[in-house]
Amino acid sequence: MSYEANPSRYKNMPYRRCGKSGLMLPALSLGLWHNFGAIDNLENARAILQLAFDSGITHFDLANNYGPPAGSAEETFGKIFKDDFKKYRDELVISTKAGWGMWDGPYGDHGSKKYLVASLDQSLKRMGLDYVDIYYHHRPDPNTPLEETMGALDLIVRQGKALYVGISSYSATETEAAIKVLNGLGTKCLIHQPRYSMFDRWVENGLLDVLGREGIGCIPFSPLEQGLLTNKYLNGIPADSRAASHRGNGAMEENAITPEKIEKVIKLNEIAISRGQNLAQMALSWILKDDRITTVLIGVSKPSQVTDSINCLANTSFTNDELLRIKNILEPY
Ligand SMILES: NC(=O)c1ccc[n+]([C@@H]2O[C@H](COP(=O)([O-])OP(=O)(O)OC[C@H]3O[C@@H](n4cnc5c(N)ncnc54)[C@H](OP(=O)(O)O)[C@@H]3O)[C@@H](O)[C@H]2O)c1
């Protein structure tokens, strides 16, 4: 039976403006880094995407190298897009990226114009799309002039292959420089995608200030520290967890679950319960409390996690006392 989206899909999801742009993004967006590769179950992937869209999640985030193997998450997305989402294309914001190693030789990595242009052409083919909504440079490349990398992003927008451009994992200083080059070219930087969670707060040391000042959106990734900031590892490592999966491609391994981290997780979990949330929900709310954050980029392995995480939206404000208690648990980290 062909997929028909839930007619009530826009009723409950808040949409937040992406910096000073015209683009609104859902408070939660869905990333396809893991659980959408060729090694994963296609029907589970389909159920996740359908439930996300039915719940008002209009933004799906990909990259050339997501899988594993690299490229296969875009292929999975392409299959499901063709079957289920083609008629909803104008209701979707689809992003992809290039910047990490993708193919052999000197042109399949880093930040050259050669790599960025070729990689997007490959991504569009894998996903069966004419254009992406957002194209990112995935990580800074100190060996390629910023003018070349940003020039490639500007070119891609002018070619109509992407509507907007963004950067990922650039430091505050690198971000300021990239913004300046892009402004000079006439293609504004829409959004920055940094890693940000209770356990990794580097963006608070300058990057969020730059983004707020410049009117650039922010979409933090790995907000649950790949699942560590949930209650799933409180009693050991479940067999169906990411830590036990050994899927490679940057996925966390068992050695990331240290006694020191679990001690903090136990204490954070108590605060979450006192707020009427589970820890995953509190960790997402904690990111969304800052209005410089446009949307929080979640990953899920099953449909039930989509609903569970969206339920964080029932409580995104924190008392000063809660914030202080959380800070005392996290610092020094
Ligand atoms: N720009 C970059 O360099 C970069 C890097 C990494 C990621 N990203 C983007 O960010 C997205 C999210 O990253 P991530 O997958 O690491 O995010 P994450 O939200 O920190 O971790 C996702 C994992 O947390 C667990 N989880 C999710 N919701 C849960 C819930 N409600 N209750 C219990 N457990 C829950 C699941 O683990 P189990 O699998 O164990 O069930 C899930 O696979 C990626 O898909 C990608 O789009 C970007």
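Helices (H or I, at least four residues) and strands (E, at least two) are DSSP runs, numbered from the N terminus. This is a predicted model: local features need pLDDT of at least 70, side-chain atom pairs count only at pLDDT 80 or more, and totals for chains, interfaces and linings use all residues. Residue numbers start from 1 along each chain as its sequence is written.

**Exercise 1. Place L185 and state whether it is buried or exposed.**

Step 1. L185 sits in helix α5.
Step 2. Apply the burial rule: 20 or more other C-beta atoms within 10 Å of a residue's own means buried, 12 or fewer means exposed, and in between means partly exposed, with C-beta atoms placed from the backbone.
Step 3. L185 has 16 other C-beta atoms within 10 Å, so L185 is partly exposed.
Step 4. Two residues are in contact if their C-beta atoms, placed from the backbone, lie within 7 Å. Leaving aside neighbours within four places in sequence, L185 contacts M150, G151 and D154.
Step 5. L185 and D154 are 31 residues apart along the chain, and their C-alpha atoms are separated by 6.9 Å.

**Exercise 2. Describe helix α4 and find which of its residues are buried.**

Step 1. α4 covers residues 146-158, 13 residues in total.
Step 2. The expected span is 1.5 Å times one less than the number of residues. From first C-alpha to last, α4 reaches 18 Å, close to the 18 Å expected.
Step 3. Its buried residues are T149, M150, A152, L153, I156 and V157.
Step 4. These cover an arc of only 145° around the axis, which puts them on the same side of α4. The arc is that of the directions from the helix axis to the C-beta atoms.
Step 5. Recall the helix geometry: an α-helix has 3.6 residues a turn, so residues three or four places apart point the same way.
Step 6. The cover over the buried residues of α4 includes α3 (113-127), β6 (132-137), β7 (162-168) and α5 (172-185).
Step 7. After α4 comes G160, with a positive phi near 80°.

**Exercise 3. Which residues have the most contacts inside the largest nonpolar core?**

Step 1. A nonpolar core is a set of buried Ala, Val, Leu, Ile, Met, Phe, Trp, Tyr and Cys residues joined through C-beta atoms within 7 Å.
Step 2. The largest one has 86 residues, and F77, I134, Y135, V165, L229 and A283 have the most contacts inside it.
Step 3. Helix α9 (residues 279-288) gives the largest share of this core, eight residues.
Step 4. Beyond four places in sequence, F77 is in contact with L32, F36, F60, L62 and M127.

**Exercise 4. Examine the backbone at P68, P69, S222 and E225.**

Step 1. Start from the norm: most residues other than glycine have a negative phi, and most peptide bonds are trans.
Step 2. G67 and P68 are joined by a cis peptide bond, with omega about -5°. The bond from P68 to P69 is cis, with omega near -5°.
Step 3. P68 lies in the loop between β4 (59-61) and α2 (72-85). P69 is in the loop between β4 and α2.
Step 4. S222 is not a glycine, yet its phi is positive, about 50°. E225, not a glycine either, has a positive phi of about 50°.
Step 5. S222 belongs to the loop between β9 (217-218) and α7 (242-245). E225 is in the loop between β9 and α7.
Step 6. S222 is buried, with 22 other C-beta atoms within 10 Å. E225 has 18 such neighbours inside 10 Å and counts as partly exposed.
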